[in-house]
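These notes are meant for a colleague who is opening this entry for the first time. Please read them with the sequence and the model side by side.

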Amino acid sequence: QVQLVESGGGVVQAGGSLRLSCATSGLTFSNYVMAWFRQPPGKVREFVSHIDWSGDVYYVDSVKGRFTISRDNAKSTVYLQMNMLKPEDTAIYFCAADPDGSWSPPNYWGQGTQVTVSS
């Protein structure tokens, strides 16, 4: 049974930092492209970043220079370091896994972790 479990969310003031983790089990982690999505209050889920099997990364413009995605294949875990947080970053953050990097929809989703940035 595949599981993706996010952690690290919380409440932080604007300008602060958080590090999200997504621990996976039940899949061959190194074979999967991993991504982070977020769903702001009252809005649809949106793509944030992904990291492929070779470590190549991609970010949406709104988080470039502030967020860093990384992976540890030995721990089957993907991370999202979030710096210089803004109130508009408030959302539920989800990790996703797909062998081809196809996000419509991905093979697997985590349950999400809440990030709240206060002004």
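1. A disulfide is taken here as a pair of cysteine sulfur atoms within 2.5 Å, and in general terms such a link is a covalent bond between the sulfur atoms of two cysteines. Please keep in mind throughout that the model is predicted. With that cut-off, a search of the whole structure finds 1 disulfide, and the bond joins Cys22 to Cys95 with an S to S distance of 2.0 Å.

2. Where in the chain do the two partners of this link sit? Cys22 belongs to strand S3, which covers residues 18–25, whereas Cys95 belongs to strand S9, which covers residues 91–98, and the pair thereby links distant parts of the chain, 73 residues apart. The link of Cys22 and Cys95 is right-handed, with 45° about the S-S bond. Cys22 has a relative accessible area of 0% and is buried, and Cys95 is likewise buried, with a relative accessible area of 0%.

3. Turning to the overall fold, the protein contains 11 strands and 0 helices, so that from the N terminus on its elements run β-β-β-β-β-β-β-β-β-β-β. The radius of gyration is 13 Å, close to the 14 Å that the globule rule gives for 119 residues, and the protein is therefore as compact as a globular protein of that length. Taken along the principal axes, the box that the C-alpha atoms fill is roughly 40 × 25 × 25 Å.

4. Some totals for the whole protein complete this picture. Of its 119 residues, 45% count as buried, while the protein exposes about 5,900 Å², of which carbon and sulfur atoms supply 49%. Among contacts between residues at least 6 apart in sequence, 54% join residues at least 24 apart. The protein carries 9 positive and 10 negative charges, and the mean positions of these two sets are 6 Å apart.

5. Is Phe67 buried or exposed? Phe67, which is placed in strand S7, has a relative accessible area of 2%, which is under the 20% cut-off, and therefore counts as buried. Not counting residues up to four places away in sequence, Phe67 touches a set of residues that includes Arg38, Val48, Tyr59, Leu80, Met82, Leu85 and Tyr93. Pro87 lies 20 residues from Phe67 along the chain, and the C-alpha atoms of these two residues are separated by 14 Å.

6. Tyr93, one of the residues that Phe67 touches, lies in strand S9 and is buried, with a relative accessible area of 0%. Leaving aside neighbours within four places in sequence, the contacts of Tyr93 include Glu6, Leu20, Trp36, Phe37, Gly112, Thr113 and Val115. Arg38, Leu80 and Met82 are among the residues in contact with Tyr93, and these three are also among the residues that Phe67 touches. Tyr93 and Pro40 are 53 residues apart in sequence, and their C-alpha atoms are 8.7 Å apart in space.

7. The backbone deserves a separate look, given that most residues other than glycine have a negative phi and most peptide bonds are trans. Ser76, in the loop between strand S7 (67–72) and strand S8 (77–82), has a positive phi near 55° although Ser76 is not a glycine. Met84, in the loop between S8 and S9, also has a positive phi, of about 50°, without being a glycine. The relative accessible area of Met84 is 46%, and Met84 is therefore partly exposed, a class that lies between the cut-offs of 20% and 50%.

8. The loop between S9 and S10 should be inspected last. Which peptide bond is cis? A cis peptide bond joins Ser104 and Pro105, with omega at about -10°, and Pro105 lies in the loop between S9 and strand S10, which covers 108–109. Ser102 is also placed in the loop between S9 and S10, and at 36% relative accessibility Ser102 counts as partly exposed. Val33 is 69 residues from Ser102 along the chain, yet the C-alpha atoms of Ser102 and Val33 are separated by 8.6 Å.

Terms used. Residues are numbered from 1 along each chain as its sequence is written. This is a predicted model: local features need pLDDT of at least 70, side-chain atom pairs count only at pLDDT 80 or more; totals for chains, interfaces and linings use all residues. Side-chain values use heavy atoms; hydrogens and water are left out. Helices (H or I, at least four residues) and strands (E, at least two) are DSSP runs, numbered from the N terminus. The radius of gyration is taken over C-alpha atoms; the globule rule is 2.2 Å times the number of residues to the power 0.38. Buried means under 20% relative accessible area, exposed over 50%, partly exposed in between (1.4 Å probe, protein chains only). Contact means heavy atoms within 4.5 Å. Accessible areas come from the Shrake-Rupley method with a 1.4 Å probe; for residues, only the protein chains shown count as cover. Lys and Arg count as positive and Asp and Glu as negative; His and the chain ends are not counted. The place of a charge is taken as NZ of Lys, CZ of Arg, CG of Asp or CD of Glu.
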